[in-house]
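I opened a fresh page for this one and set out to look things up piece by piece. Here are my notes, in the order I made them.

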Protein chains: 2
Amino acid sequence: MTRRELSQLIRNKESFLCIGLDSDWERLPSHLKKEDDPVFTFNKQIIDHTHDLAIAYKPNIAFYESLGPRGWESLAKTLEYLEPLRDELFLIADAKRADIGNTSKQYARTFFDKNAAGLDFDAVTVAPYMGSDSVEPFLEYDNKWVILLGLTSNKGAFDFQMQKVWSEEQDSRDFLYKTVIRESQHWADENKMMYVAGATKSYLLNEIREILPDHFLLIPGIGAQGGSIEEVANHGLNEDGGIIINASRSIIFASGGRDFAASARAKALEMQQIMKNIINRYL
Amino acid sequence: MTRRELSQLIRNKESFLCIGLDSDWERLPSHLKKEDDPVFTFNKQIIDHTHDLAIAYKPNIAFYESLGPRGWESLAKTLEYLEPLRDELFLIADAKRADIGNTSKQYARTFFDKNAAGLDFDAVTVAPYMGSDSVEPFLEYDNKWVILLGLTSNKGAFDFQMQKVWSEEQDSRDFLYKTVIRESQHWADENKMMYVAGATKSYLLNEIREILPDHFLLIPGIGAQGGSIEEVANHGLNEDGGIIINASRSIIFASGGRDFAASARAKALEMQQIMKNIINRYL
């Protein structure tokens, strides 16, 4: 999916909602656990009830990986199920991978090459610590995206991302996450790369937008983690839309009972209505 | 495995060799591809021919993950096969994972809890960018280790790890990788945490040892990536041994033919003999 197509999707669906399919086994409604593949059944029902409200789904890979081979099967079946909806959905593997080039190449294959692990995501989240050659293999795929961790939404973001980095050239100090954002722009442009920008510090979105006027930002931390959609839109929106706001637990586990999918829809609709208002006002 | 046990293992086996089971499908000997599980068959033969020479095995998860569910099955079978040798081998999942706490907990389960994904590693490599709460879930397991990325062996290490970080308190500038090493010592001590220290810049090992006199260091970059065992030992050894030197491709793909396992043994033996000399001289 291109940047233009993604932008069009936001206008068409009046939404910039991404639903995190963090389908934690422990939290699945108990009546589903008798099913043959409870995780896939859960995802299917969430998708059926929400796909018109969301522009993206984002399974966090940890919740599948921790189930062993059957977790990867549930994930592949979920992608397969989404196949007929590919034109209207952007699919993100939240994997936070990266390794030396030779190895990152395998991670890129995992998430982008259907012949490898049966998966064919549009984008994968990538960790920046190991630098350019750990990210490049992900950039070699046509029409696929890297979403690089810039500023994350957890408290540990303060440990290193908010450390001040000294630039000899510019005789200045800047936060590490800004150095990451600035430096990584040499690797690919706004048609191939997005950034994770944690919403729980939405006042920082202004500063990120200053550096990245044209990039899409993937913004976690709404809902369970406490961020507000209006505030994020206020600071993050650009003329393409330019933001993908993720909510996971607050939508998919809105109810833990038999009404889980309807409750997820209600919660997603509530968020989408807020987004619709914003989109109609500003885009 | 405790630090003392690991140290004893080094003395007993006269080795600090870790063999990277980066069993890249593309590079497996062609005669194995007719087998039911080529990756497992390959690993089994490598293990049979090298386990007396190595103190550790380190599968890089990317090479399994990129094969989909069957890759995870090959990995679980490899761990199962190693089970009778657990007292004499330290098993490292080279996964470079980390996410917000809620999610890192799932990654920790994946690699440490046999009931989750059928895996029961001694250690897992973890990326530091997301900070303390992304690492803590891995530290909650008794008798398990976190191997945090300090300085990696790839060229991209220069992009961020070698950036100078400003410390207001100390009115000083230091490389990011040193800040990571210093700060993360508040999270756990040398009985629970090790660090990746890339050997291709072995002169930097001196500086890492100054900060971490007692920690074990996992040192990649020997062999295919160009580091030398003597130089690494020279700069990295402490009184416990304190180093685990990894070689992957240079051992397991020493030959691509039917003699692959014997060739792997020859290459591992060559490295172990160098280590034996060093251990007899200094430990």
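**Entry 1: strands in chain B.** I began with strand β9 (residues 217-219) of chain B, which is joined by three bridges to strand β10 (residues 243-247) of chain B, the two running parallel. For one bridge I noted the partners: Leu217(B) is matched with Ile243(B) in β10(B). I should jot down early that this is a predicted model.

Following the strands further, I found a closed barrel of eight strands in chain B, in the order β1-β2-β3-β4-β5-β8-β9-β10, with parallel pairing. I also looked at a helix beside these strands: α7(B) lies across β4 (123-126) and β5 of chain B. Its direction is at about 145° to β5(B).

**Entry 2: β10 in chain A.** Next I turned to strand β10 (residues 243-247) of chain A. Which strands of chain A pair with β10(A)? Strand β1 (residues 17-19) of chain A pairs with it in the parallel sense over three bridges, and strand β9 (residues 217-219) of chain A also pairs with it in the parallel sense over three bridges. On the β1 side, Ile19(A) has Ala247(A) as its bridge partner; on the β9 side, Leu218(A) has Ile244(A).

Is β10(A) mostly covered or mostly open? I found it mostly covered, with five of its five residues buried. Ile243(A), Ile245(A) and Ala247(A) point one way, while Ile244(A) and Asn246(A) point the other way.

**Entry 3: the nonpolar core.** A general reminder to myself: in soluble globular proteins, nonpolar side chains tend to be buried together. Here the largest nonpolar core has 195 residues, and among those that touch the most other members are Leu17(A), Ile55(A), Ile147(A) and Ile245(B). I picked Ile147(A) and listed its contacts, leaving aside neighbours within four places in sequence. They include Ile92(A), Val124(A), Val126(A), Met194(A), Val196(A) and Leu218(A).

**Entry 4: two helices of chain A.** How do α10 and α12 of chain A pack? Helix α10 (residues 229-236) and helix α12 (residues 260-282) meet at an angle of about 35°, with their axes 10 Å apart, and their crossing is right-handed. From α10(A) come Ile229(A), Glu230(A) and Ala233(A), which meet Met271(A), Ile274(A), Met275(A) and Ile278(A) of α12(A). By class I get six nonpolar residues, no polar ones and one charged.

**Entry 5: where the chains touch.** How many residues does each chain bring to the contact? Chain A gives 52 residues and chain B gives 52 residues. On the chain B side, the elements giving two or more residues include α4 (69-82), α5 (101-112), β6 (164-167) and α8 (176-184). The largest share there, six residues, comes from α5(B). Sorted by class, the chain B side has 23 nonpolar, 18 polar and 11 charged residues.

I then checked a strand pair between the chains. Strand β6 (residues 164-167) of chain A pairs with β6(B) in the antiparallel sense over three bridges, and Trp166(A) has Lys164(B) as a bridge partner.

**Entry 6: α8 of chain B.** Last, why is α8(B) described as largely enclosed by the rest of the structure? It is because seven of its nine residues are buried. Among them are Leu176(B), Tyr177(B), Val180(B) and Ser184(B). Their cover includes α8 (176-184) of chain A, as well as β5 (145-151), β6, β7 (172-175), β8 (193-197) and α9 (203-211) of chain B.

Note on methods. Residues numbered from 1 in each chain as written. Chains lettered and ligands numbered in written order. Predicted model: local features only at pLDDT ≥ 70, side-chain atom pairs only at ≥ 80, totals over all residues. Contact = placed C-beta atoms within 7 Å. Helix = DSSP H or I, 4+ residues; strand = E, 2+ residues; numbered from the N terminus. Nonpolar A, V, L, I, M, F, W, Y, C, P; charged D, E, K, R; others polar. Pairing = 2+ DSSP bridges. Buried ≥ 20, exposed ≤ 12 C-beta atoms within 10 Å, placed from the backbone. Core = buried A, V, L, I, M, F, W, Y, C linked by C-beta atoms within 7 Å. Axes fitted to C-alpha atoms, helices over the stretch in contact; angles between N-to-C directions. Left-handed = near helix turned anticlockwise from the far one by under 90°.
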